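Hi,

Here is the structure I promised to pass on. Please have a look before you read my notes below.

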Amino acid sequence: MIHIRKANNQDAKQAVILISSVLKEIFGEKPLPNYDDVNNIEGAYKFFIVAEDNGKIIGTTAVKEDESSARLSRVYIHKDYRRRGLGTLLVIKALKFCAKKYKRVFLTTYKEMGVEGFYEKFGFKVYKRNEKIWMEKFLSPPIIKETPVPEISK
Ligand SMILES: CC(C)(COP(=O)(O)OP(=O)(O)OC[C@H]1O[C@@H](n2cnc3c(N)ncnc32)[C@H](O)[C@@H]1OP(=O)(O)O)[C@@H](O)C(=O)NCCC(=O)NCCS
């Protein structure tokens, strides 16, 4: 059964295995980036969740803080578990977290990943293209109910 939970530093090893295998699948045998941040889940991220199937991590999604915006990152689903709604579920959870604290959330992706359409579903829009594709979404603040001014009895 698939279970989604908050990650901790003990999950780093499995998270790196998943992320590096997905990157290898997309980019081939290019030199792999370093994973210092994933090896320090609790220190480097404001939010990090994993999806696991019988104890094996098969999905990750995280949020970092970057110049007062939220940066959505590490959105990876194991290839055997894609197109079942899991990526959507993890991103929605991350966006709910972001909406509590941030006005803007952004992410970077690569043409090779072909996921602009996936993020557009959540309302992200491309705002810059260089070696990466930069996408952003503005978040509405939580609605604060207006309460009537209490009557002051004299
Ligand atoms: C992108 C990714 C996280 C999506 O996860 P997922 O669990 O497969 O996504 P979902 O099942 O929730 O997808 C829901 C919808 O998003 C869209 N979608 C999903 N993956 C897509 C893709 N690669 N390209 C375009 N649209 C996509 C589809 O409309 C899909 O609905 P459908 O299956 O009914 O057509 C997953 O494909 C993945 O890990 N890819 C490799 C890593 C990657 O590129 N990560 C992004 C880093 S920026």
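Which residue stands opposite Ser69 in S4? The residue is Asp66. Keep in mind that this is a predicted model.

**Strand S4 and its hairpin**

S4 covers residues 69–77, and eight of its nine residues are buried. That is why the strand is largely enclosed by the rest of the structure. One of its pairing partners is strand S3, residues 56–66. S3 and S4 pair in the antiparallel sense, over seven bridges. Together they form a hairpin with two residues between the strands. Glu67 sits in that turn and has a positive phi of about 45°.

**From S4 to S5**

S4 also pairs with strand S5, residues 104–109. Here the strands run parallel, and two bridges join them. Arg71 stands opposite Phe106 in S5. To get from S4 to S5, the chain passes through helix H3, residues 86–101. This β-α-β crossover is right-handed.

**Around the ligand**

Now the ligand. There are 19 residues around it. Arg82, Gly87, Thr88, Thr109 and Met113 come nearest. Four elements each give two or more residues to the shell: S4, H3, S5 and helix H4 (116–120). By residue type, the shell divides into nine nonpolar, six polar and four charged.

To find your way around, start at S4. This strand pairs with S3 and with S5, and it also gives residues to the shell around the ligand.

Best wishes

Terms used
Residues are numbered from 1 along each chain as its sequence is written. This is a predicted model: local features need pLDDT of at least 70, side-chain atom pairs count only at pLDDT 80 or more; totals for chains, interfaces and linings use all residues. A residue is buried if 20 or more other C-beta atoms lie within 10 Å of its own, exposed if 12 or fewer, and partly exposed in between; C-beta atoms are placed from the backbone. Two strands pair if DSSP finds at least two bridges between them. A crossover is right-handed if, with the strands pointing away from the viewer, the path from the first strand over the helix to the second runs clockwise. A residue is near a molecule or strand if its C-beta atom, placed from the backbone, lies within 6 Å of it. Ala, Val, Leu, Ile, Met, Phe, Trp, Tyr, Cys and Pro count as nonpolar, Asp, Glu, Lys and Arg as charged, and the others, Gly among them, as polar.
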